[in-house]
Every structure is written in structure tokens, then in C-alpha cells.
Amino acid sequence: MTAHYTVNGIVAVITLDNPPVNGLGMATRLAITDGLQQAQADSAVKAIVITGAGKAFSGGADIKEFGTDKAAVEPNLRSVILAIENASKPVVAAIHSVCMGGGLELALGCHYRIAAPGCSVALPEVKLGLLPGAGGTQRLPRALGVEPALNMIVSGEAIKSEMLAMLPGQKLFDKISASADSLAAEALTLAQAIADTRPLPRVRDLPCKHPQGDGYFQFARNMVKGMAKNFPARLKCVDAVQAATQKSFEDGVLFERENFVNLMLSPESRALRHLFAAERAASKIKDVPADTPLRDIKSLAVIGAGTMGGGIAMNFLNAGLPVKLLEMKQDALDRGIAIIRKNYEAQVKKGKLKQDKYEQRMSLLSSTLSYADLSAADMVIEAVFEEMGVKEKVFNELDRVMKPGAILATNTSTLDVNKIANFTQRPQDVVGLHFFSPANVMKLLEVVRADMTAKDVMATVMSVAKKIRKTAVVSGVCDGFIGNRMIEQYGRQAGFLLDEGCTPAQVDKAVEKFGFAMGPFRMSDLAGNDISWAIRKRRYSEKPEMKYSKTADLLCEQGRFGQKTGAGWYDYVAGKRDAIPNADVVAMVAEHRQSLGITPRKIGDDEIVQRLVFSLVNEAAHILQEGIAAKASDIDIAYVFGYGFPAHRGGPMLYADQVGLFNVLQSMQRFALNPLDDADFWKPAPLLVRLVAEGKNFN
Ligand code: T1G
């Protein structure tokens with residue numbers, strides 16, 4: 001059963017019990033209405049309490065039911081809420097820990113609400129490309145006031161119960177319990193106290209007006225427009241709350257419903273729901289049982305106090321874990337610590353970090369020049385120079401000093417983690433943790449599983465990743481893992497487009513219109529053109545047959561490495577990030593094109609986007625087929641969270657599925673016929689060919 005029914009004196013208690021977060025799935029909804037009927041039929045019962053077992057009151061509608069017909073099966077959520085609201089006896093919601101989405105809408109249908117302090121309260125539907133679809137846009141403004149309700153609905157962010165209870169005139173919470181522990185008893189007391197109160201107070205009967213009316217909502221739309229660029233749901237939230245101030249409750253609910261159903265069908269919501277599920281699926285490793293015992297990680301060591309090492313250390317300090325930072329020389333150590341301090345001070349100045357929190361984090365940081373001081377750490381992450389000889393020295397030392405069972409992680413972004421593991425006598429304890437710069441900001445973490453990496457090491461690092469609020473994706477060992485392998489092909493194709501007639505700005509603008517945060521040339525300028533130059537040089541010797549445009553090399557030979565040198569594909573003014581097109585670079589591209597005997601042709605935005613995005617898709621199909629990535633949704637997570645692929649398109653794999661793999665293959669075959677492109681480049685991955693032949697897709 002996913003809800004329990006008990007009677008305590010004159011109070012019936014319905015306890016939701018649908019782990020992990022009491023998602024309001026079909027069985028739970030039925031259990032609630034059964035409980036309501038039972039309570040109303042029992043003359044000894046004078047009041048009803050609804051509460052949640054486990055770690056949440058309710059996390060909302062059961063996301064796992066989305067896209068199935070279960071969500072609509074009666075009693076659907078709206079019917080359950082109406083059954084509560086129209087009950088003949090008072091219903092009290094006793095709320096703790098998490099009250100979100102449909103869970104909050106359920107509580108709003110109750111006649112009274114008591115919450116424990118510290119409960120996270122939200123209507124986060126907008127983060128799934130939706131708006132609240134069970135009366136939330138009509139009841140929350142009535143309970144909380146139009147402006148605070150609109151802010152909550154448009155942001156989707158959680159607010160603590162005690163903060164909401166302080167809002168003047170709010171009718172959301174009748175009481176905040178003294179503590180989470182006293183919630184049940186206080187809810188019973190409240191239920192007994194109001195058992196005979198009539199009429200039953202219903203949120204839907206409360207007035208809902210805004211003094212400035214249209215003027216306020218126009219202002220709200222202007223504010224939201226910036227956030228709504230690729231996400232229509234936010235503006236629909238404004239429309240629905242405005243409807244609450246203009247229409248009857250029934251008409252407002254119909255208006256909400258119509259918009260909810262439309263948004264549910266939108267590609268943006270499909271993409272965001274896909275990413276929500278994909279992010280959680282990424283932490284599950286097929287052959288690593290969910291109950292694998294974890295190694296206890298209480299303290300860490302980081303080798304290398306450079307940009308990466310410092311950023312990596314900050315992640316753990318932020319999570320309250322002590323870090324010992326090791327460098328070879330005192331001045332490097334001092335410089336590294338100074339950068340960490342500067343980063344925190346900048347956050348304090350912006351009001352993003354409290355002074356006491358900053359000091360607490362710095363107190364967790366210690367440093368040393370000696371490997372011997374690291375032996376007590378439960379996990380060590382090296383972020384030293386990206387050269388195998390240097391890694392070998394580091395891992396020889398770590399193998400010598402680290403205590404048995406310590407996890408030895410490398411932050412390498414290109415080197416072979418199997419080789420690195422074999423520098424030690426304990427390859428089972430070695431794993432790759434590929435952070436993305438800036439390491440304390442970028443959410444993506446590629447967890448590289450070497451051949452010998454133990455299962456409990458994998459389970460442990462996935463759990464640590466969640467603790468430091470990273471989105472972890474497991475990658476096998478190959479050159480470039482998942483993201484860098486894909487972006488290399490993307491960069492090659494971008495070079496071919498220049499040779500055929502495009503300017504850097506034209507290519508960038510086309511993909512930025514598609515939704516990428518940055519086009520390939522602006523992104524290369526940001527990362528440093530010398531980084532990809534070094535990889536190309538290595539590739540030229542490893543794979544001489546692989547075709548590249550030479551323009552990027554010509555640019556680097558001029559020392560135009562990008563933002564860090566003030567000039568790359570574009571020019572940059574100190575302190576500003578604007579990419580200013582440079583006529584000499586455009587001329588250099590044209591001269592190089594001429595030297596190839598190529599007559600430039602006009603290439604449309606669609607072709608630019610297809611060639612760049614499908615280059616990602618084809619390489620991803622190889623990655624999937626080789627088992628470097630376990631599932632297509634992992635690749636979507638990697639590329640959205642690490643490389644700026646537009647979230648409203650769900651990732652390269654979901655986007656390819658929505659275009660249709662047949663059409664992707666057709667386009668690739670067309671590109672292969674282009675004599676100026678590289679036919680070999682467009683040889684389709686066998687997996688892609690097979691899926692098309694079988695009429696299947698990636699996800
Ligand atoms: N339904 C089903 N499962 C859910 C769920 C939900 N609403 N929320 C989380 N889970 C699962 C999640 O997949 C994972 O499963 C486990 O719980 C732990 O999640 C009509 C239509 C609640 C704050 O958007 O924000 O109501 O991987 O790792 O960090 O208007 O989950 O273990 O198998 O995130 O402690 C609106 C989304 C739905 C809330 C808990 N509700 N969830 O965070 O754990 S739409 C949401 C969250 C709606 C109505 C509309 C968080 C959390 P597994 P977790 P966490």
C-alpha cells in the first residue's frame with residue numbers, strides 16, 4: 001500500500017508512504033481517496049490529518065508516470081485535491097522536509113496546514129518546462145499573496161516553511177511546529193482543536209487581487225522574458241497567475257489546465273524531463289549494486305595548487321570536507337591558497353557567501369610540501385601537469401604513502417587512466433575524476449572507470465560527486481573520454497566550414513541561435529586555442545590520415561590564443577568578454593581558402609548547425625557502441641552540463657531522436673558527397689546505421 005490509514009482518537013491519519021519521496025502516483029492517489037472515504041464514513045472520526053512517511057511530505061506528482069496514461073487515471077491529482085477540499089470533515093496537512101509540486105498543491109487543497117520548520121516548499125514545475133497543473137497557480141496566490149506566489153512559481157525555487165509563514169497576511173501555514181519531531185503531535189492537537197469549526201476554510205474561497213493589476217503583470221512579463229528565451233513555461237506561469245486575479249476559481253483552473261497540457265506536449269518540457277531523469281540515471285552503474293558498501297571519505301588531499309587543483313579543493317571545502325593541498329614549492333602553494341581565498345572573497349563581496357562560512361571553509365584547508373603528510377587522507381586527487389611522466393612520479397609517491405583503501409584519483413583530461421593505475425600496486429583503487437574548468441563552478445564530472453577500478457570505488461566516487469553537487473557521468477578509458485572526444489570532431493567540422501566559405505562569426509552566430517551558450521570559435525577563444533593546438537599536433541603524429549583545416553594552426557602561429565592573449569579568432573578588450581570580429585583573421589581565413597583553390601560558397605545556418613550537431617551525434621554513437629558511455633542519456637548529460645548544449649533540446653542524443661535518426665543519416669550521407677568536406681568524417685557509426693535499419697532511436 002502506498003499510504004497507511006490509522007485512527008488516533010477522533011482523528012484519522014493518512015500517511016503517504018511511496019518511497020523515495022512520496023510521489024503522488026496512481027496507487028498513492030487511490031489510497032488517499034480511500035482513506036478520505038473511510039474517515040468520512042466513520043462517525044467516531046471528527047478530523048483528518050494527511051502526512052508523509054520517510055524523507056518527504058511529497059515530492060509532487062510521480063515523475064515516473066509522465067508520458068504514461070497513469071498520470072491521468074482517476075482519481076487523478078486534481079480529483080484527489082477536490083475530494084479533500086469538498087470533504088465533510090476538516091483535513092489538516094502535516095508537512096515536513098519536502099513539499100513540492102503536486103505535494104504542495106495537495107496541501108493547498110486541505111483546510112489547514114501545519115509545517116515543520118526547515119521544510120523545502122516549492123512549485124518547481126517550471127524546471128520541467130511545465131507550470132503547476134493541479135491548481136497551484138490558482139491556490140498559491142490566494143494563500144500567499146500574488147507577488148510571492150508568482151515569484152515562487154516562475155523561479156521554481158524552494159523556500160523554507162518558516163520563511164513563508166512570516167509573510168504578512170499569508171494563509172499558507174496555520175502553524176509552524178516547534179520542531180520536526182513535534183509535528184505529528186502538534187498536527188493532532190490542531191486537528192482536535194478545529195474538529196468542529198465550520199464552515200471549513202478553503203483556499204479557493206480566498207480573494208485574489210493585485211492592486212496594480214495589468215501593470216504589475218506586464219512588469220512581471222518583462223522581467224521573465226529574459227529567462228524565457230527558450231522556455232515558454234515561465235511566461236505561461238505569469239498568464240496563469242494573472243488569470244487567478246481575473247477569473248473565477250473554476251475558470252482559472254481550466255485556464256491553468258489548458259496551458260499545462262500544452263506545455264506537457266512541448267519539446268522543451270520533453271527535453272527538461274528527459275534531463276531530470278537522465279541526471280539521476282547517470283548515477284546508477286549497471287554492474288554496481290545500489291547497496292554497494294561505500295568507503296568512508298572524511299578527508300581529502302589534492303596534489304597541485306594550480307587553477308584546477310584549487311578549484312577541485314574548493315568543491316570539498318564547500319561540502320565541509322577537510323582538504324590538504326600539496327605542492328612542490330612554497331611559492332606555488334602560497335599562490336594556490338591565495339587564489340582560493342580570492343575566489344571566496346569575491347563570493348562574499350557579491351553576497352553569495354557569508355563571512356563565517358568563508359572562514360569555516362578556509363579553516364578546513366591545510367597545506368604541505370611533503371607527501372608523507374597525506375597518508376591519513378581517505379581520497380587523493382592529483383591535478384598536476386598533463387604529462388605521463390609527471391603522473392607516474394605522482395602515483396609512485398601516492399602508492400608509497402597513502403593508507404590502504406585510500407582512493408587515488410587523477411584529474412587527467414586526456415591521458416590513459418589504465419596506464420596511470422599501473423604506476424601503483426593498487427590499480428583497483430585508482431579512478432579518473434575529470435573536473436571541468438573552473439572546477440568549483442562547472443557541474444559536470446566525468447568519472448573515468450579504468451579496467452581494474454573496484455566497484456566500491458565507483459560507488460563511493462558517485463556518492464561523493466553528489467555530496468559536492470556535481471553531476472557525474474561514468475566514462476570508460478579512451479582518448480578524450482566522452483565530451484572532449486565529441487568536441488574534437490565538432491571542432492574539425494567547424495574548421496571545414498571556414499575553409500568552405502564561412503567566417504568564424506557566422507558559424508558562432510548560427511549555433512548560438514540554435515541555443516548553444518557559445519559557438520565553437522568563441523568557446524575555443526575562452527578555453528585557449530593553444531589547448532586544441534597541442535591536441536591537434538599530437539593527433540597529426542598519431543593519426544596522420546585524419547583531415548583538419550589548417551586555419552586554427554595559422555591562428556596559433558600568430559600567437560592568437562584567445563581571451564588569455566587578448567586576441568584569438570576575435571579581439572578582446574581587457575576585462576570584457578565581448579568577442580570583437582577581427583578583419584585580419586577573416587582575411588587570413590579567406591587567403592587560406594584561396595590557397596586551397598576553394599571558391600567560397602554561402603552556407604546557410606541550417607547546414608552549419610546540422611554539420612556541427614551531427615558531428616557530435618556520430619562521434620557519440622561510436623562512444624556508445626564502444627561502451628565508453630553506458631547509455632545515450634549519459635552523453636546528453638555530459639554535453640549539456642559540460643559543453644553548453646542547449647538544455648531545452650535535451651542533449652545531442654535526444655535532439656537526434658527528435659530529428660529522427662533516419663534524417664540524421666540522410667544528412668550525413670549528403671554531407672559526405674560534398675567534395676570539400678571529408679567523406680571519411682561522415683562515415684556513419686555502425687550503431688547509428690543499425691538503429692536506423694531497426695527503426696529505433698538512441699533513448
Ligand atoms: N516523482 C517520482 N520520483 C521522484 C520525484 C517525483 N516527483 N522527485 C524525485 N524523485 C526520485 C528521483 O528520481 C530519485 O529516484 C529519488 O527520488 C531521489 O531524488 C501536477 C505535474 C524531491 C528535492 O519537480 O526536486 O508535481 O534515482 O536524487 O536530492 O503540478 O528529487 O533514487 O530512483 O533528487 O533528496 C514536481 C523533483 C513534479 C520535484 C529530492 N516535483 N524532485 O531531492 O533526491 S511535477 C518536482 C526534486 C508536478 C503537478 C506537477 C528532488 C527532491 P532514484 P533526488 P534529493
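Mentor: Start with a definition: two strands pair if DSSP finds at least two bridges between them. Keep in mind that this model is predicted.

Trainee: In which sense do β5 and β7 pair?

Mentor: β7 covers residues 120-122. It shares 3 bridges with β5, and at least two are needed for a pair. The sense of this pairing is parallel.

Trainee: Which residue in β7 stands opposite methionine 100?

Mentor: β5 runs over 98-100, and β7 over 120-122. The partner of methionine 100 in β7 is alanine 122.

Trainee: Which are the edge strands of the open sheet?

Mentor: The sheet has 3 strands with mixed pairing, in the order β5-β7-β8. An edge strand here pairs on one side only. That gives β5 and β8 (159-160).

Trainee: Which helices supply at least two residues each of the shell around the ligand?

Mentor: The strand β5 supplies at least two shell residues. Two helices do so as well. They are α3 (102-109) and α11 (267-281).

Trainee: How many residues surround the ligand?

Mentor: Gly59, Glu105, Glu125, Lys284 and Lys466 are the closest. By class, the shell holds 14 nonpolar, 5 polar and 8 charged residues. The total around the ligand is 27.

Trainee: How far is an N or O atom in the side chain of glutamate 105 from an oxygen atom of the ligand?

Mentor: A polar contact needs N or O atoms within 3.5 Å. Arginine 280 has a polar side-chain atom 3.0 Å from a ligand oxygen. Lysine 64 has one 3.3 Å from a ligand nitrogen. For glutamate 105 and a ligand oxygen, the distance is 2.6 Å.

Trainee: What share of the area that the ligand exposes when taken alone does the protein bury?

Mentor: Taken alone, the ligand exposes 990 Å². The share of that area buried by the protein is 79%.

Trainee: Is glutamine 170 buried or exposed?

Mentor: Glutamine 170 sits in the loop between α6 (161-165) and β9 (175-176). A polar atom of its side chain lies 3.4 Å from the backbone oxygen of alanine 165. Buried means under 20% relative accessible area. Because its relative accessibility is 13%, glutamine 170 counts as buried.

Trainee: How far apart are the C-alpha centres of domain 1 and domain 2?

Mentor: The chain is divided into domain 1 (3-264), domain 2 (300-475) and domain 3 (483-694). Between the C-alpha centres of domain 1 and domain 2, the distance is 43 Å.

Definitions and conventions:
Residues numbered from 1 in each chain as written. Predicted model: local features only at pLDDT ≥ 70, side-chain atom pairs only at ≥ 80, totals over all residues. Heavy atoms only, no water. Near = heavy atom within 4 Å. Polar contact = N/O pair within 3.5 Å; in protein donor to acceptor, adjacent residues only side chain to side chain. Areas by Shrake-Rupley, 256 points an atom, 1.4 Å probe, with all protein chains shown as cover. Helix = DSSP H or I, 4+ residues; strand = E, 2+ residues; numbered from the N terminus. Nonpolar A, V, L, I, M, F, W, Y, C, P; charged D, E, K, R; others polar. Domains from an automatic or database assignment. Buried < 20%, exposed > 50% of the residue type's maximum accessible area, 1.4 Å probe, protein only.
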